[in-house]
Amino acid sequence: MKYALVTGGSRGIGRAVCLKLAQMEYTVLINYKSNDAEAEQTLCLIREQGGNGELMKFDVTKAEMVSSALRSWEEAHPNDYIEVLVNNAGIRKDNLMLWMEEEEWSSVVDINLKGFFYLTQPLLKKMLIKRFGRIINMVSVSGLKGTAGQTNYSAAKGGIIAATKALAQEVGKKQVTVNAVAPGFIRTDMVEGIDESEWKKHIPVGRFGNPEEVADLVGFLASKQASYITGEVISINGGLHT
Ligand code: NDP
């Protein structure tokens with residue numbers, strides 16, 4: 001059995017990534033924070049396509065919850081390891097810096113930076129021992145160019161981009177790759193309220209992307225064929241920003 005863990009796997013991009021990795025014969029550990037029904041639905045869809053998975057409910061910003069979930073999984077699977085980690089969970093709480101509340105800053109930064117540390121640090125050890133691992137971080141065009149009204153989100157994603165590049169240099173020799181995927185506008189709950197008909201005028205390809213398109217890229221980065229790609233940030237944004 002090969003295992004992959006996807007944070008924020010209950011909905012949106014994370015769900016599509018779970019389905020993609022299941023097609024690649026991974027048993028997928030579907031993390032989510034609170035939405036049991038949507039997480040069950042992801043698991044159902046995986047099973048419908050002949051794959052397998054497990055639900056793993058925890059808040060990625062809570063160190064204790066993460067370590068207890070990982071510990072329980074390891075106790076139940078003493079001979080297995082999680083070879084693919086997709087740090088995908090994310091939220092946005094947009095505001096102009098002038099009006100930004102401390103909570104809007106810290107919650108958006110924490111889910112990215114604390115989440116990355118709490119998951120990646122414990123799972124890395126076995127990847128290094130086994131000499132194969134894939135860490136894929138979901139960032140954003142905002143982390144590359146910065147977006148007005150998203151100073152918090154841009155800082156969080158920019159931080160993960162730098163962490164991706166640094167960690168890739170630490171672990172490359174052990175065949176563990178670390179990359180980031182930077183989507184533009186993708187049709188998920190996160191872009192609810194953003195008018196596609198208005199914004200598509202600014203996107204060369206003329207539309208928002210679909211979660212499955214991002215998942216295909218993640219699938220490639222997780223594959224053996226991507227062994228020589230590490231420390232990269234790969235944009236998938238319809239030409240919005242190059
Ligand atoms: P969604 O809002 O559709 O889904 C968010 C997912 O994250 C859900 O599964 C949710 O779980 C989970 N989640 C939220 N908070 C936590 C937490 N504290 N602990 C664990 N899981 C949590 O988001 P998208 O699919 O749109 O976004 C996925 C990633 O892609 C994010 O990192 C986002 O920043 C990034 N991205 C998205 C873009 C877009 O246009 N959609 C563009 C660029 C980047 P639950 O269902 O339980 O709430």
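Helices and strands here are DSSP runs, counted from the N terminus. With that naming settled, let's look at the empty spaces and the ligand in this predicted model.

## The largest pocket

Start with the roomiest opening. The largest pocket holds about 1,200 Å³ of space. Five elements, namely H1, S2, helix H4 (102–130), helix H5 (141–145) and H6, each hand at least two residues to the lining of this pocket. In total, 46 residues line the largest pocket, and those nearest its centre are Gly-90, Ile-91, Arg-92, Tyr-153 and Met-190. Sort that lining by class and you get 20 nonpolar, 17 polar and nine charged residues.

## The ligand inside

So where does the ligand sit? The space it takes up is the largest pocket. Helix H1 (12–23), strand S2 (26–32) and helix H6 (151–171) are the elements that give two or more residues to the shell around the ligand.

There are 31 residues around the ligand, and the ones that come nearest are Ser-10, Ser-34, Asn-88, Tyr-153 and Thr-188. You may recognise Tyr-153: it also belongs to the residues nearest the centre of the largest pocket. By class, the shell around the ligand splits into 14 nonpolar, twelve polar and five charged residues.

Some of the ligand's polar contacts go to the protein backbone, and here are three of them.

| Ligand atom | Polar backbone atom of | Distance |
|---|---|---|
| oxygen | Gly-8 | 3.2 Å |
| oxygen | Asn-35 | 2.8 Å |
| nitrogen | Val-60 | 3.0 Å |

How much of the ligand's surface does the protein bury? On its own, the ligand exposes 900 Å², and the protein buries 94% of that.

## The closed spaces

Now for the cavities. Rolling a probe the size of a water molecule over the atoms shows where empty space is left. Searching the whole structure turns up two cavities of 30 Å³ or more.

The largest cavity has a volume of about 90 Å³. It is lined by 13 residues, and Asn-87, Asn-88, Ala-89, Ile-111 and Asn-112 are the closest to its centre. Asn-88 has come up before, as one of the residues that come nearest to the ligand. Which elements supply at least two residues each to the lining of the largest cavity? They are H4, strand S5 (133–138) and H6. H4 gives the largest share of that lining, with four residues. By class, the lining of the largest cavity has six nonpolar residues, six polar ones and one charged.

The second largest cavity has a volume of about 50 Å³. Its lining is made of Trp-73, Glu-74, Asp-80, Tyr-81, Ile-82, Pro-122, Leu-123 and Lys-126. Helix H3 (63–76) and H4 are the elements that give two or more residues to this lining. Once again H4 provides the largest share, this time three residues. The classes here are five nonpolar and three charged, with no polar residues in the lining of the second largest cavity.

## Following H4

One helix is worth tracing through the model. H4 supplies at least two residues to the lining of the largest pocket, gives four residues to the lining of the largest cavity, and gives three to the lining of the second largest cavity.

Methods. Residues numbered from 1 in each chain as written. Predicted model: local features only at pLDDT ≥ 70, side-chain atom pairs only at ≥ 80, totals over all residues. Heavy atoms only, no water. Near = heavy atom within 4 Å. Polar contact = N/O pair within 3.5 Å; in protein donor to acceptor, adjacent residues only side chain to side chain. Areas by Shrake-Rupley, 256 points an atom, 1.4 Å probe, with all protein chains shown as cover. 1 Å grid on protein atoms, 1.4 Å probe; cavity = no way out; pocket = protein on both sides within 12 Å on 5 of 7 lines; lining within 4 Å. Sits in = over half its atoms within 2 Å of the grid points. Nonpolar A, V, L, I, M, F, W, Y, C, P; charged D, E, K, R; others polar. Points joined across faces, edges and corners; volume = space filled by probe spheres on them.
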